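Colleague: I am new to this structure and would like a close look at a single part of it, with the terms explained as they come up. Please take one strand and its partners, and then place that part in the rest of the chain.

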Amino acid sequence: MSKKRKKKKKEKKIGLGFWKTVKNNFWALHFVWSMSKSYVIHTFLTNALGYVQWVFFSAYFIRFLIQAMTGGESVSSVFFYIGVVAAALCLWNIYDGYFGRVVRPLKETELYQKMYSALYRKAENVELECFEDAEFYNRYTMAVDNACDKMTNIVRELTNMICAAVAGISTYIFMYQMDPWMLLFVISPVIGSFVFGTIMNKLNFQIYQKVTPDNRKVEYVNRVMYLSEYSKEMRLSNIFHVLKRTYNEAVRHQIRTVRSYISKLIPNAFLQFYLSYTVIFEGLLLYGAYQTMVTHRLTLADLSILSSMMIVASWILVRIGNSMMNCIQNGMFVHNIRTFMEYEEKLPEDTDGITPDAEVESIEFRNVSFSYKGGKEIIHDLSFRIGKNESVALVGHNGAGKSTIIKLLFRLYDPDSGEILVNNRNIKEYQLEEYRNLFAAAFQDYKIFAFSVADNVLMERKVDDPKRVVKEALTRAGVYDKIRSLPKGIHTVLTKEFEEDGAVLSGGEYQKVVVARALANPAPVKVFDEPSSALDPIAEYELFQAIMEESRDHIMFFISHRLSSVKDADVVFMLEEGRLIERGTHEELMQLGGKYAAMYQMQARNYQPDDTDWEVEWNVD
């Protein structure tokens with residue numbers, strides 16, 4: 001297949017069929033209706049009354065005045081008619097102003113809150129794999145990109161199109177009664193709006209999809225440029241040039257993408273404008289003048305009414321076309337929202353099942369194998385079993401599968417084969433949220449939120465005495481003295497994201513706050529993934545003493561590259577390329593003299609001033 005044919009096939013795939021786009025629009029209308037019926041009703045009424053006013057004044061009101069003046073109507077009856085119309089217009093303006101200035105802003109605020117809540121609930125419910133999938137993440141970012149604006153625009157445009165269609169029909173009936181041939185001019189804007197307008201919207205949508213990855217890069221650079229945590233690296237390195245290069249490359253690609261469509265955009269835009277506006281406006285006016293001045297089929301009064309009607313008919317048709325094109329364009333964008341909202345999760349967060357026991361007596365992996373999205377197998381036929389109150393150290397080089405084991409245990413992913421059992425029951429049988437409540441974790445790639453210290457520790461978990469729980473957890477993590485010295489203590493907001501007086505801690509202090517997060521959680525299983533990577537040896541030793549103290553009443557997993565910190569674990573699992581190659585206590589593995597012992601000795605030498613001291617410590621161990 002030639003490159004040209006492949007390109008056309010790809011672009012056809014990117015675009016959406018007309019009827020699918022129509023369905024997307026009515027899906028959006030139903031979505032908004034389910035959240036705010038009053039918003040839809042008010043929007044429809046506003047559009048409907050606006051067209052009634054427009055058509056009435058442009059056609060029927062002018063015709064009445066001309067007929068009244070030429071037919072001998074009394075002045076009092078004319079003024080009475082005008083007064084009634086003025087009163088109705090006044091009431092309409094009051095309602096329109098009230099809706100535009102009061103109802104619409106309030107309803108849209110409520111509606112946006114509900115819509116984004118629905119989007120965020122869906123985002124919270126999809127499996128972790130989706131956020132680690134670049135293609136899905138692109139669709140997600142396109143879905144939430146001004147999602148509510150697009151949905152409310154569809155409501156306005158759909159209701160506008162329906163009302164305009166009714167107004168247009170009444171106008172064309174009026175025009176047909178005057179001169180049937182005038183309706184021929186309707187064909188031009190139909191072709192302009194519905195044919196060339198559709199082409200323009202498809203081209204714009206194709207451009208939007210192609211530049212979305214570039215937009216993400218641009219937004220990333222913009223975000224990095226003003227976040228304080230990146231400021232030191234930017235000033236002490238040349239990373240700014242990398243950011244600048246990334247930004248410029250993304251912008252250049254956006255420009256190249258748009259330029260590649262110019263040869264299609266310009267002629268289609270010209271034909272759309274010429275047929276939608278020029279032909280119908282100037283054509284109708286010239287035709288009406290010809291019928292009045294040459295054939296004398298129309299009077300000057302008729303020409304006056306017709307001129308007004310031509311403008312109304314033309315604009316109604318143009319607005320129908322614009323609304324339809326906007327609906328088609330928005331329908332293409334809403335396709336991303338609909339696809340995201342209708343995505344069937346492989347591992348939904350609201351998965352139902354049985355309630356697990358409050359205590360965890362055992363955890364077992366049986367012949368578990370796993371790979372990320374059909375890639376290289378990360379975990380190979382892994383089997384182990386640990387009992388209540390045991391502490392387990394997972395050690396090995398980067399890529400050995402340590403963190404993946406934890407993800408599988410937390411059921412962030414399901415294994416490709418084998419099974420994981422907790423209390424001798426497959427974890428797939430448990431209600432997922434309640435199952436995950438069995439675990440408390442301090443992750444290596446932790447995140448500190450721009451909230452108070454207390455919120456970062458409790459993470460919205462309800463406890464009887466929050467202040468005491470937070471204080472005890474911070475004390476055991478070895479960071480309470482620092483937190484107590486802050487202006488508002490545990491109520492001090494971390495980071496300066498929203499508050500100028502927010503606290504910015506060191507990396508080690510942040511890490512201790514994250515450890516306190518796990519210590520404050522009474523879950524029966526605790527997981528510490530590289531909890532001391534930012535600490536000095538003394539602080540690391542003190543922190544691990546607190547962690548090991550915690551292991552007395554919990555099953556505990558901890559991952560650490562520093563093997564000096566795993567000596568007190570009940571069992572050590574040495575992993576290599578997803579396989580469990582050695583297991584046992586620290587002493588047993590040292591006596592075995594295998595890869596664990598070799599790794600331990602290599603690390604220990606780095607802390608010894610010479611070989612003599614190393615031998616002394618080795619003999620002590």
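Modeller: What follows begins with one strand and its partners and then moves outward to other parts of the chain.

This is a predicted model, in which local features need pLDDT of at least 70 and side-chain atom pairs count only at pLDDT 80 or more, while totals for chains, interfaces and linings use all residues. Residues are numbered from 1 along each chain as its sequence is written, and side-chain values use heavy atoms, with hydrogens and water left out.

The part I would choose is strand S8, which covers residues 555–559 and is mostly covered, since five of its five residues are buried. Helices (H or I, at least four residues) and strands (E, at least two) are DSSP runs, numbered from the N terminus, and buried means under 20% relative accessible area, with exposed over 50% and partly exposed in between, for a 1.4 Å probe and protein chains only. In a regular strand the side chains alternate between the two faces of the sheet. Here Ile555, Phe557 and Ile559 point one way from S8, whereas Met556 and Phe558 point the other way, and all are buried.

Strands of a sheet pair through backbone hydrogen bonds, either parallel or antiparallel, and two strands are said to pair if DSSP finds at least two bridges between them. Strand S3 (residues 391–395) is joined to S8 by four bridges and runs parallel to it, with Val392 standing opposite Phe557. Strand S7 (residues 525–529) also pairs with S8 in the parallel sense, over five bridges, and there Lys526 has Met556 as its bridge partner.

An antiparallel arrangement is found elsewhere in the chain, where four strands form an open sheet in the order S2-S1-S4-S5. Strand S2 (377–387) and strand S5 (425–426) stand at its edges with a single partner strand each, so one side of each is left without a neighbour in the sheet. Within this sheet, five bridges join strand S1 (residues 362–371) to strand S4 (residues 417–422), and one of the residue pairs is Ile363 with Val422 of S4.

Two helices offer single residues to look at. Cys163 lies in helix H7 (residues 147–178) and counts as buried at 6% relative accessibility. Leaving aside neighbours within four places in sequence, Cys163 is in contact (heavy atoms within 4.5 Å) with Phe44, Asn47, Ala48 and Tyr51. Of these, Asn47 is 116 residues away from Cys163 in sequence, yet their C-alpha atoms are 6.5 Å apart in space. His586, in helix H19 (residues 586–592), is likewise buried, with a relative accessible area of 5%, and its contacts beyond four places in sequence are Lys567, Val572, Tyr596 and Tyr600.

For the chain as a whole, the secondary structure comes to 21 helices and 10 strands. Its radius of gyration is 35 Å, well over the 25 Å that the globule rule gives for 621 residues, so the chain is more spread out than a compact globule; this radius is taken over C-alpha atoms, and the rule is 2.2 Å times the number of residues to the power 0.38. The C-alpha trace spans about 120 × 65 × 50 Å along its principal axes. Buried residues make up 45% of the 621 residues, and of the contacts with a separation of 6 or more, 74% are between residues 24 or more positions apart.
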